[in-house]
Amino acid sequence: MLKAILQSLRTGVVTIHYPAQPAQPPARFRGAPQVRPGSPFDTLPPASVCPSGAITGGPGESRYAIDLARCLFCGRCAEGSPEAAIEIGRTVELAARSRARLVIQVERDADGRAAELPALPSGEQVAERIRRTLGRSLQLRHLDSGSCNACDWELTALLNPVYDVRRLGIDFVASPRHADGVIVTGSVTRNLETAVRRTYEAVPEPRVVIAVGACAASGGIVPRSYASAGGVGEVLPVDVFIPGCPPRPEAIIFGILLAVGRLDERRR
């Protein structure tokens with residue numbers, strides 16, 4: 001016991017200061033793809049380079065789009081861009097309250113350059129407001145509807161001393177009847193579709209649904225089929241989408257805090 005106390009004193013406080021301070025991802029972190037301003041439109045990589053079908057449009061067309069809800073952040077689009085028309089960003093605060101906010105729209109301008117269309121309100125403004133007021137507590141029931149467990153491990157990391165999500169009044173509960181909402185990982189398999197609906201219905205109103213990761217947000221590499229219902233939005237009304245494969249713990253914290261605001265809206 002004494003050795004454990006001495007070791008803790010030597011280690012000091014390891015808990016990060018996010019969201020009070022901006023997230024500091026490691027140097028090797030690979031975020032979402034983004035279009036480099038001023039790049040020639042015809043140098044954008046074709047849709048065929050994306051393994052999850054997140055890209056639509058390309059050479060010969062006037063519009064181009066990247067759906068971050070389907071994106072796996074694999075970086076193939078950046079590798080397949082000969083003049084670096086696509087670059088990989090480092091932003092973790094990508095969660096949004098609608099799928100439309102996760103779609104990057106690009107068009108060809110008069111000079112043949114790639115011009116990104118005005119986006120919906122960015123997460124940075126929301127993030128700054130969250131840092132000022134963290135909102136109320138939130139109790140969530142984790143629901144694995146058919147994931148590969150990558151997103152589940154990131155959720156588990158939220159409870160360790162580094163991220164310590166409980167310091168923000170956020171916790172995971174065992175019963176949906178004690179929860180404010182569900183946080184779902186993975187595409188919804190047909191075998192679990194009924195269980196997903198029943199778990200959601202067991203949560204008292206008002207309730208929120210948070211989709212974590214590309215599979216939950218859109219189906220990812222497991223789209224709608226005989227074995228899968230696709231993303232969580234095909235089964236439940238999703239309030240917050242958190243893109244990534246898997247998203248970093250800070251990205252999940254940001255999405256959960258967005259859900260806190262969403263829950264407050266419903267109570268009003």
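Biologist: Is E193 buried or exposed?

Modeller: This is a predicted model, so every value here is computed from it. The relative accessible area of E193 is 17%. The cut-off for buried is under 20%. E193 is therefore buried.

Biologist: Which residue does the side chain of E193 meet in a salt bridge?

Modeller: The N to O distance in this salt bridge is 3.4 Å. The partner counts as partly exposed, because its relative accessibility is 30%. That partner is R190.

Biologist: Which residues are joined with R190 into one network?

Modeller: Look for salt bridges that share partners. Such bridges join R190 to two other residues in one network. The two are E193 and R197.

Biologist: How many salt bridges does the structure hold?

Modeller: The pair E193 and R190 is one of them. R108 and D42 form a salt bridge too, with their closest N and O atoms 3.1 Å apart. The structure holds 10.

Biologist: How far apart in sequence are the parts that R108 and D42 tie together?

Modeller: R108 lies in strand β5, residues 103–108. D42 lies in the loop between β1 and β2. The pair therefore ties together parts that are separated in sequence by 66 residues.

Biologist: Which class of exposure does D42 fall into?

Modeller: Its salt-bridge partner R108 has 30% relative accessibility, so R108 counts as partly exposed. For D42 the value is 46%. Exposed would need over 50%. D42 therefore counts as partly exposed.

Biologist: Is E234 buried or exposed?

Modeller: E234 forms a salt bridge with R224, the closest N and O atoms being 3.4 Å apart. R224 has a relative accessible area of 52%, so R224 is exposed. For E234 the relative accessibility is 51%. The cut-off is over 50%, so E234 counts as exposed.

Biologist: How many residues of strand β9 are buried?

Modeller: β9 runs over residues 181–185. On one side G181, I183 and T185 are buried. On the other side V182 and V184 are buried. The count for β9 is five of its five residues.

Biologist: Why do the residues of β9 fall on two sides?

Modeller: G181, I183 and T185 lie on one side of β9, with V182 and V184 on the other. In a regular strand, side chains alternate between the two faces of the sheet.

Biologist: In which sense do β9 and β11 pair?

Modeller: β11 covers residues 208–212. V182 stands opposite V209 in β11. Five bridges join β9 and β11. Their sense is parallel.

Biologist: Which residue in β9 is the bridge partner of D144?

Modeller: Strand β7 spans residues 138–144. β7 pairs with β9 in the parallel sense over five bridges. In β9, the bridge partner of D144 is T185.

Biologist: Is E250 buried or exposed?

Modeller: E250 lies in helix α7, residues 249–267. Setting aside neighbours within four places in sequence, E250 is in contact with I16, Y18, A23, V92 and Y163. Its relative accessibility is 4%. E250 therefore counts as buried.

Biologist: How many nonpolar residues are in the lining of the second largest pocket?

Modeller: The second largest pocket has about 320 Å³ of space. Its lining has 18 residues, and F29, R30, P246, P247 and R248 lie nearest its centre. Two of the lining residues are polar and four are charged. The nonpolar residues number 12.

Definitions and conventions:
Residues numbered from 1 in each chain as written. Predicted model: local features only at pLDDT ≥ 70, side-chain atom pairs only at ≥ 80, totals over all residues. Heavy atoms only, no water. Buried < 20%, exposed > 50% of the residue type's maximum accessible area, 1.4 Å probe, protein only. Helix = DSSP H or I, 4+ residues; strand = E, 2+ residues; numbered from the N terminus. Pairing = 2+ DSSP bridges. Contact = heavy atoms within 4.5 Å. 1 Å grid on protein atoms, 1.4 Å probe; cavity = no way out; pocket = protein on both sides within 12 Å on 5 of 7 lines; lining within 4 Å. Points joined across faces, edges and corners; volume = space filled by probe spheres on them. Nonpolar A, V, L, I, M, F, W, Y, C, P; charged D, E, K, R; others polar. Salt bridge = Lys/Arg side-chain N within 4 Å of Asp/Glu carboxyl O.
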